[in-house]
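I opened this notebook to record what I looked up in one protein model. The entries run from the whole chain to single residues.

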Amino acid sequence: MRLAPTSSEARLWKLLKHINREGANFRRQAAVDNYVYDFGDYSARLLIELDGSAHRLENAILLDAKKNAHAAGQGFSLLRVTNNDVWGRPDWVVDQVRACRAAPYPPPPPHKGEGAS
């Protein structure tokens with residue numbers, strides 16, 4: 001876990017703080033089991049990953065796919081935005097976050113030992 005956010009993470013955090021004033025509860029470095037996502041609102045079951053150019057590398061693509069699958073398997077929606085989105089079209093990012101929070105999300109998976117009905 002990094003001690004200091006990148007400039008893009010700091011910028012996105014400022015955008016999310018505005019959404020928090022609307023009733024969201026985003027936090028930084030949201031953990032779901034052994035994975036840590038850049039931001040998360042547990043009550044809305046929404047995770048956000050901020051992707052820079054390193055996410056185009058093969059090992060990052062594989063890790064991102066695992067994180068995506070894990071989030072979905074735990075009943076979370078995952079929104080991925082790029083650094084360029086945060087800086088170039090922040091209003092679009094805020095609209096995407098609001099839309100994801102408003103969308104219905106899948107129910108959480110059953111607890112271990114419980115089957116799906």
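The entries below cover the overall fold, one helix pair and three single residues.

**Entry 1: overall fold.** I note at the outset that this is a predicted model. I looked up the secondary structure and found 4 helices and 4 strands. Along the sequence, I read their order as α-β-β-β-α-β-α-α.

**Entry 2: burial, surface and contacts.** I looked up how much of the protein is buried: of its 117 residues, 33% are. For the surface, I recorded an exposed area of about 7,400 Å², of which carbon and sulfur atoms supply 53%. I then turned to contacts with a separation of 6 or more, and found that residues 24 or more positions apart account for 59% of them.

**Entry 3: helix 1 against helix 4.** I recall that a pair of packed helices is described by the angle between the axes and the distance between them. For helix 1 (residues 7-20) and helix 4, I recorded an angle of about 50° and axes 10 Å apart. An angle of 35 to 65 degrees falls outside the roughly parallel and roughly perpendicular classes, and the two helices are therefore oblique to each other. I also entered the crossing of helix 1 and helix 4 as right-handed.

I next asked which residues in helix 1 meet helix 4. On the helix 1 side I listed Arg11, Leu12, Leu15, Leu16 and Ile19. Their partners in helix 4 are Pro90, Val93, Val94, Val97, Arg98 and Arg101. By class, I noted 8 nonpolar and 3 charged residues in this contact, with no polar ones.

**Entry 4: Gln96.** I stayed with helix 4, which spans residues 90-102 and contains Gln96. Is Gln96 buried or partly exposed? Its relative accessible area is 26%, and I entered Gln96 as partly exposed because buried requires a value under 20%. I also looked up its separation from Val81, 15 residues away along the chain: the C-alpha atoms are 9.1 Å apart.

**Entry 5: positive phi values.** I looked for these because most residues other than glycine have a negative phi. Gln29, which is not a glycine, has a positive phi of about 50°. I located Gln29 in strand 1 (residues 27-32), and its relative accessibility of 27% makes it partly exposed.

Asp33, also a residue other than glycine, has a positive phi near 55°. I placed Asp33 in the loop between strand 1 and strand 2 (35-41). With a relative accessibility of 54%, I entered Asp33 as exposed, because the cut-off for that class is over 50%.

Terms used: Residues numbered from 1 in each chain as written. Predicted model: local features only at pLDDT ≥ 70, side-chain atom pairs only at ≥ 80, totals over all residues. Heavy atoms only, no water. Buried < 20%, exposed > 50% of the residue type's maximum accessible area, 1.4 Å probe, protein only. Axes fitted to C-alpha atoms, helices over the stretch in contact; angles between N-to-C directions. Parallel < 35°, antiparallel > 145°, perpendicular 65-115°, else oblique. Left-handed = near helix turned anticlockwise from the far one by under 90°. Contact = heavy atoms within 4.5 Å. Nonpolar A, V, L, I, M, F, W, Y, C, P; charged D, E, K, R; others polar. Areas by Shrake-Rupley, 256 points an atom, 1.4 Å probe, with all protein chains shown as cover.
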